[in-house]
Structures are given as C-alpha cells and as structure tokens.
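Student: Could you take me closely through a single strand and its surroundings, and then follow the packing outward from there? I would like one connected account, with the criteria stated as you go.

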Amino acid sequence: MKARTFFGMWVALLCICGFAGCKEEEFDVPTFVFDDNGVCYSSSVVPVSQEDFECRVVGYGWKHVSTYEIGHDGQCVPEDYYKDLIGIGPEWYYFESASSLKSYMYVDAYPAWGFMAYNYRLEEANRIVVNDKTYMQLLSVDGDVMRIVKYLGVHSDGDKIYGYATYRRMTAEELEEVQDEYDVNLSEVVNLTLSVKDNPVIVSGKEFEFDVLASNGVCVFEAFRDGYCNIITEGNHVKVELLKNGVKLTGSDKLMHCGISIYSTDEELEPEGTDIYDFDYTEIVLTEDKRLVSADGDDLYYEFGGMEVHSRDEYFGSILSRYSPVALLVVDENKEARYLRLRGGKIYFNELLPQDVLDSLAAGNGGDSINYKLELISAGGDVFQVLPFKVVYQKKEWRSEV
C-alpha cells in the first residue's frame with residue numbers, strides 16, 4: 001500500500017511538471033473537425049510511415065501529461081479534462097509491438113489497477129484502429145513527446161467526447177514500475193457466475209448449497225447480518241445453514257460482486273414476538289360468478305384491487321423503521337412459496353391470487369378454501385411476522401357463518 005501511494009504521488013508530480021512545461025505549446029494546435037458520425041479528427045496531420053511509427057512509438061511506454069476536451073467548434077477547452085473528475089483517470093499506453101497495444105488504467109468500479117490488451121493496426125491519416133474503429137489518431141511524435149486525439153466517452157445528451165492529449169515517453173524503469181503496479185488483466189475479467197437460477201431463492205429446509213461457476217480468483221461469501229446463517233466454503237462449493245429466515249449473502253472475488261437472498265418455508269424458522277402489522281383482510285370470499293368480495297359483501301375488484309398493511313396502534317417510531325415491510329412470502333398449505341414485492345405497502349389481488357388458483361377453487365364445492373401464510377419481509381431482507389389469509393369459495397346455497 002505504501003509503494004502504491006508513493007507511486008501515485010510520483011505520477012502526480014510528473015503530470016504537474018509536464019503540464020507546466022508544455023501548457024503554452026499545447027494550445028498552439030490546429031482546429032479539429034467532426035465528421036457526420038460525430039468522430040473528431042485533425043485533417044492536417046503529417047503522415048507517419050509504418051517504419052517511422054515502429055521506430056519512434058513501438059516498444060515504448062507513454063505516460064499521460066494532459067488532456068483537453070475538444071468542443072463542438074473544434075477548439076480545445078483550456079482546462080485539463082481530468083482535473084475535477086472523481087473515480088476516473090487518464091490511461092497510460094505501452095505499444096508492445098506493431099500490432100499489440102496495452103492501456104493501463106485504474107477502474108474505480110472494481111476497484112482495480114490494471115490493463116486492457118488490444119490488437120491494433122496503423123491506417124491512413126495516422127489512425128490507430130482497434131476492432132475496425134479508430135482508437136486514437138496520432139498527431140505528432142517529437143522526440144519523447146506524443147500528441148493524439150482520443151475518444152473519451154459520451155455526454156448525457158449522447159454527444160461523443162474527444163480530447164487532445166499529450167504523452168511523454170517512459171524510461172524502461174518507469175515502464176517496469178507501471179507494469180508492476182497495474183497488474184490486473186482487465187481484458188480477462190469475467191462476471192461472477194453462480195449456479196443459482198433464482199434470486200431470491202426459496203428452499204424447504206434449513207440448508208442451501210450452490211457452486212461458483214466463474215470468478216476472478218477466490219470468492220468469499222459473507223452474511224449481511226451476523227447470526228442469520230453459517231457458511232461453509234469448500235473450493236467453489238458453498239453450503240449455507242439457515243439460522244433465521246431471510247438471509248442475505250454478499251459474494252466477492254475482489255473484482256466482481258454479487259448478492260443472494262435465501263428464504264425458507266421451514267416452520268421452525270418462522271419468527272416470534274413481532275406482531276406489528278395487520279392487512280385489511282384476513283379472509284375474503286370468491287363468489288360463484290368469480291367475484292372477490294369481503295366478508296361484509298363489498299366488491300374487492302380482482303384486476304385493480306388489493307389490501308394494505310397497517311401498523312397496530314401500539315407501535316410507532318423506530319420499530320416501524322426497523323420492521324418496515326417491503327415484500328412478503330406467500331406460503332400455501334403444501335409449503336410452496338412465492339416472493340412478492342409490496343407496492344406502497346399494498347399487495348394486489350391479481351398478484352396474490354393467480355387466476356389458475358381461483359379457477360381451481362371455483363371448480364370445487366361451496367365452503368372449500370385456500371389458506372396462506374403471508375410472511376412479511378423487512379427492507380433488511382428478514383422475515384419478521386406471519387399473518388394468516390384465507391379465500392373461501394361461496395356457492396349460492398352456501399353461506400359463511402361469519
């Protein structure tokens with residue numbers, strides 16, 4: 001860590017010195033132009049032959065000095081492009097051969113200090129082309145100073161961003177230190193891939209196992225909350241023993257990250273002592289003409305209707321913040337479960353009661369019913385309360401005792 005910090009300071013000093021030494025010269029540049037596709041270039045470059053390019057550019061590392069954004073009018077904005085940017089910095093280059101190029105950078109998203117490897121070719125107007133697209137345009141090489149036009153990104157309005165950049169040739173020692181520092185091959189980074197098909201995962205017992213199918217090294221899994229599970233990792237195989245219902249796991253191989261939520265229908269994992277909320281209904285009726293009505297006979301409207309969750313009068317303040325419900329498990333009598341999100345504290349009937357379930361109920365006898373456990377889930381992912389819910393099929397000749 002100390003070596004990396006020292007190297008960063010050394011890089012900053014080099015850039016400052018380079019900037020101070022060439023700022024005035026750098027703005028003595030031609031006006032740039034944009035083609036119909038928004039690609040920026042200079043039409044007045046002196047062509048560099050392949051032989052000259054290989055002699056003066058290939059085999060060397062090039063460290064960044066400054067970059068200035070090129071405006072729509074073709075003029076450079078007189079302030080370094082990277083001055084106030086957070087989480088992004090300039091690239092350094094190593095032209096490894098006449099066809100192989102490495103770009104060194106820090107990627108804040110991982111985070112990682114690494115490099116990208118490209119195959120390239122030099123084409124007309126000094127364009128360095130990667131994957132049939134112009135990667136940069138070489139403007140000039142004067143001794144150990146190289147100037148280029150390069151693509152930087154895209155503005156929020158979709159306009160491409162191009163910059164006029166100056167680089168200085170590295171010594172062999174500088175290049176070696178950069179290669180040691182930026183040692184992660186970003187060209188080979190893979191997504192962290194698990195054998196888990198569904199997320200969240202719903203299991204019937206207290207154990208769940210999965211495999212890491214692809215990673216960028218050793219992958220470590222941790223529980224979002226202590227005391228909710230035990231994790232045993234053997235190579236790429238992970239076994240989770242649930243201690244409470246609603247476990248969030250985070251996995252990381254230091255470059256890529258992932259998350260898994262695990263729920264169970266095991267009754268031994270059901271919470272106790274948090275009877276904070278009620279739904280509008282604990283029982284509703286399905287009529288013979290397939291309407292949903294309350295026990296009092298009010299229409300509930302299948303397509304657009306639903307029921308809200310309300311806190312009981314004796315609960316308020318911090319406990320409601322801690323146990324604010326955002327989702328629920330719908331567990332039927334066969335311990336089959338579905339995970340549903342609450343929307344504004346409301347669950348809609350057409351999500352809670354699939355049409356095929358209602359059709360099956362309506363095919364039976366008056367007085368038949370389906371029973372659910374509605375298990376409330378907090379923003380932290382844990383199941384904290386279980387509420388009963390019942391749908392009764394009512395034929396004309398049958399009447400509820402309620």
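Tutor: Two strands pair if DSSP finds at least two bridges between them, and the strands themselves (E, at least two residues), like the helices (H or I, at least four), are DSSP runs numbered from the N terminus. This is a predicted model, in which local features need pLDDT of at least 70 and side-chain atom pairs count only at pLDDT 80 or more, while totals for chains, interfaces and linings use all residues. Residues are numbered from 1 along each chain as its sequence is written, and side-chain values use heavy atoms, with hydrogens and water left out.

The strand to look at is E23 (residues 283-287), which pairs with strand E24 (residues 292-294) in the antiparallel sense over three bridges; here Leu286 stands opposite Leu292 of E24. Four residues lie between the two strands of this hairpin, and Lys290 takes a positive phi near 65 degrees. E23 is also joined to strand E30 (residues 383-394) by five bridges, and these two run parallel, with Lys390 of E30 as the bridge partner of Glu283. Four of the five residues of E23 are buried (under 20% relative accessible area with a 1.4 Å probe, protein chains only), so the strand is largely enclosed by the rest of the structure.

From here the packing can be followed into the largest nonpolar core, which has 31 residues; such a core is a set of buried Ala, Val, Leu, Ile, Met, Phe, Trp, Tyr and Cys residues joined through side-chain atoms within 4.5 Å. Among the elements that give two or more residues to this core are E23, strand E26 (325-331), helix H6 (355-362) and E30, and the largest share, five residues, comes from E30. Phe279, Leu328, Leu353, Leu374 and Phe389 have the most contacts inside the core. Not counting residues up to four places away in sequence, Leu328 touches, with contact taken as heavy atoms within 4.5 Å, residues including Phe279, Tyr339, Leu374 and Ile377.

Apart from this lies another core, of 28 residues, including Leu194, Val212, Tyr228 and Leu242. Tyr228 sits in the loop between strand E17 (220-223) and strand E18 (229-234), and Tyr228 counts as buried because its relative accessibility is 12%. The side chains of Tyr228 and Asp382 are joined by a polar contact of 3.3 Å, that is, a pair of N or O atoms within 3.5 Å of which, within protein, one must be able to donate a hydrogen and the other to accept it, residues adjacent in sequence counting only if both atoms are side-chain atoms.

Terms used. Buried < 20%, exposed > 50% of the residue type's maximum accessible area, 1.4 Å probe, protein only.
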